[in-house]
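Please go through the empty spaces in this model and a few of its local features, one question at a time.

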Amino acid sequence: MQRSDFGDSFVWGTATAAYQIEGAVSEGGRGPSIWDTFTRKPGAILGGDNGDIADDHYHRVGEDVALLADLGINAYRFSISWPRIQPDGTGPGNRTGLGFYRDLAEQLLAHSITPWVTLYHWDLPQALEDKGGWLKRETAYRFADYSAIVAEELGDIVTNWITLNEPWCSTFLGYASGVHAPGRQVATQSAHAAHHLLLGHGLAVPRIRGAAPEARVGITLNLYSVNPASDSEADRDAARRIDGLSNRFFLDPLFKGTYPTDVIADLDQVDWFTSTTTSTDLDTITAPIDFLGINYYSRHTVAGDSVVSKASAFPGSESVQFIETDAPQTQMGWEIHPDGLIDVLTMAHEKAPQLPLYVTENGSAYEDIVTADGTINDEARTDYLYKHIEACKNAIEREIPLAGYFVWSFIDNFEWAMGYSRRFGIVFVDYATQARTPKRSALWYAGFLGGRLSSG
Ligand code: FCB
C-alpha cells in the first residue's frame, strides 16, 4: 500500500481537540467550560486529572506545528475552544482567543498544511450550561452566533469547517450516562440535547457560509458498525436499537429530514419530538453540507434481554448487552475491527450519496513503553493504523467517495473521563517535561506519506 494509491488530492492529516491539548485554561481571557467544572467533580475523571495544563499546546504552537510539518501531512484538524472566543457564551468575540487560532492557522499554512477547524469539540461555556446547556433550545442559537464570529475571523484563511464533533457523545455521554461533562443523567430527556445540537449545526451552516463564502461546511459523527450477537429476534432488536441511537438518530435528521420513529418510541419521547421538532427545525437541520466527517474506532456486537443497568449511554435501551467478542482490543477495551470502517463508510454513503466522506478520527490507545534509548516502539498502534488505512483503500475501490483520513491523535492528550491514562498520540508526551517524542507509529505514518521525519 502506498500513498499514491489514494491519488494526489487525498487529504492526509492528524487531529486534536482544544480542551485535550491546550492547557492555559485561565489565560487569554478564556472563560470556564463544562470540562473545567466536570473535572473538579470527585470521581468523575480517572486519577482526578484535568485539562489545566494538558500538553501546554497553547504555549508550544510553534514547536507543535513544526512537528506536524515533519510528518508530511497536508491537513491538520483542530478545534476552537468556544470559551476562548466567548468567555460567557454570548457577546462579541474575544480578540486574544481569535488571534490564537488565526496564528495557528497561519503557521499551518506557512507549512502547506490545510487547517480543518472543528467549532464544537465538547467544551461548552459553563455560563451556557448554567442556563440549561444543550437541553435548552437557546443554546443552538448561541452556537450559531459563535460560529459566525469564528468564520468571520478565519474565513479568509480557513476553508474546511466542521460544526460539531460527535453529537452522540455530547448528548448521551453528557446527559444520559453522565460519564462526560456536564455529567447529567436525565435518561430519555437527553435526546432533547441531540435535537438542539443538530439545530445548532443547521443554524450555523448558513451563518458560516455568510461570513466565509469559500467555506466547505460539514459535521462529524461517530458511527458504529452494529451487529447482533445471534440471529435471534431479541438480538436483532438490540442491534436495531443501538444502530438507531448511534447512527440513524443523527444521520436521518441530517439527510432525510426526519427522526427515526422507532428510536423516538424506544426513548419514549414521541410527544416531545412531535410537539417541539417542527418541520421548520428539520428544514434547518437538513441545510445542505459539503462533506460528512466520520470518526471510527470500533464496532458493537449486541444482544437483547440482559439486566437493566442504570445511567446507560443508551437511554431507553438499557437492557441491551454489549458482547465482548474474542477479537483483539485496544487499551480502551474497544474491539479492533478494521472492516467495520468499510461498513460505516458504506452506511454513510447510502444516506448521503452526494457527499465526499472524510475519516476525521481513527486511532488507538495502548500502554506505551519508553525504551532505554528513548524510543517508543508502538507496533500495535502502527498495525492498527495500517489496517484501517487499508480499509480506506478497500472502501475507495468499492467506489465510496472517501476523500481524506485523519489519525487520532497527533499527540497524547487528556482523554476525557480516562484522563492521561490513555495515550492515543502518534507523538509521545512526557507530561512532566512536556517533551514530545514521535513514536514508531509517527515514523511509519511519515514514511508512508513521504514526510521528513521518516528519514530521521
Ligand atoms: C472520540 C473523541 C476524541 C477522542 C477519541 C479517542 O470520541 O472525539 O476527542 O477522545 O474519541
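Q: How do the residues of the lining of the largest cavity divide into nonpolar, polar and charged?
A: The model is a predicted one. The lining of its largest cavity consists of Ile34, Trp35, Tyr120, Trp122, Trp134, Cys169, Ser170, Gly174, His180 and Ala181. Glycine is counted as polar here. The division is 7 nonpolar, 3 polar and no charged.

Q: Which element gives the largest share of the lining of the largest cavity?
A: About 60 Å³ of space lies in this cavity. Two elements, α2 (34-38) and α8, give two or more residues to its lining. The largest share is 3 residues, and the element that gives them is α8.

Q: How many cavities of 30 Å³ or more does a search of the whole structure find?
A: The largest cavity holds about 60 Å³. The second largest cavity has a volume of about 40 Å³. In the whole structure, the number of cavities of 30 Å³ or more is 3.

Q: Which element supplies the largest share of the lining of the second largest cavity?
A: Thr16, Ala17, Ala18, Ile21, Glu22, His57, Phe78, Ser79, Phe100, Tyr101 and Leu104 line this cavity. At least two of the lining residues come from each of α1 (18-21), β2 (75-79) and α5 (95-110). By class the lining has 7 nonpolar, 3 polar and 1 charged residues. The largest share, 3 residues, is supplied by α5.

Q: What span is expected for α5 at 1.5 Å a residue?
A: The helix α5 has 16 residues. The expected span is 1.5 Å times one less than the number of residues. From first C-alpha to last, α5 reaches 22 Å, close to the expected 22 Å.

Q: Which elements are included in what covers the buried residues of α5?
A: A residue counts as buried under 20% relative accessible area. In α5 the buried residues are Gly97, Leu98, Phe100, Tyr101, Arg102, Leu104, Ala105 and Leu108. Their cover includes α1, α3 (61-71), β2, α4 (82-85), β3 (114-120) and α7 (138-154).

Q: Which residues are the closest to the centre of the largest pocket?
A: The largest pocket contains about 1100 Å³ of space. Its lining is made up of 45 residues. At least two of them are supplied by each of α8 (167-175) and β8 (299-303). The closest to the centre are Trp168, Tyr224, His300, Met332 and Trp334.

Q: How many residues of the lining of the largest pocket are charged?
A: Asp, Glu, Lys and Arg count as charged. The lining of the largest pocket has 20 nonpolar and 17 polar residues. Its charged residues number 8.

Q: Why is Cys169 in no disulfide?
A: A disulfide needs two cysteine sulfur atoms within 2.5 Å. Cys169 is buried at 7% relative accessible area, and Cys392 is buried at 1%. The sulfur of Cys392 has that of Cys169 as its closest cysteine sulfur, and the pair is too far apart for a bond because the distance is 20 Å.

Q: Is Thr220 buried or exposed?
A: Thr220 is found in strand β5 (residues 216-222). Not counting residues up to four places away in sequence, Thr220 touches Arg77, Ile162, Leu164, Asn165, Glu166, Pro167, Gly293, Asn295 and Thr360. Its relative accessible area is 0%, so Thr220 is buried.

Q: What is the relative accessible area of Glu166?
A: Glu166 lies in the loop between β4 (160-165) and α8. Although not a glycine, Glu166 has a positive phi of about 50°. It is buried, with a relative accessible area of 6%.

Q: Is Asp56 buried or exposed?
A: The loop between α2 and α3 contains Asp56. Asp56 is not a glycine, yet its phi is positive, about 50°. At 14% relative accessibility, Asp56 counts as buried.

Q: Which residue does a cis peptide bond join to Ala181?
A: The bond has an omega of about 5°. The partner is found in the loop between α8 and α9 (190-211). The residue joined to Ala181 is Pro182.

Technical notes:
Residues are numbered from 1 along each chain as its sequence is written. This is a predicted model: local features need pLDDT of at least 70, side-chain atom pairs count only at pLDDT 80 or more; totals for chains, interfaces and linings use all residues. Side-chain values use heavy atoms; hydrogens and water are left out. On a 1 Å grid over the protein atoms alone, a cavity is a set of points where a 1.4 Å probe fits but cannot get out, and a pocket is an open set with protein on both sides within 12 Å along at least five of seven lines; lining residues have an atom within 4 Å of a point. Grid points are joined across faces, edges and corners, and a volume is the space filled by probe spheres set on the points. Helices (H or I, at least four residues) and strands (E, at least two) are DSSP runs, numbered from the N terminus. Buried means under 20% relative accessible area, exposed over 50%, partly exposed in between (1.4 Å probe, protein chains only). Contact means heavy atoms within 4.5 Å.
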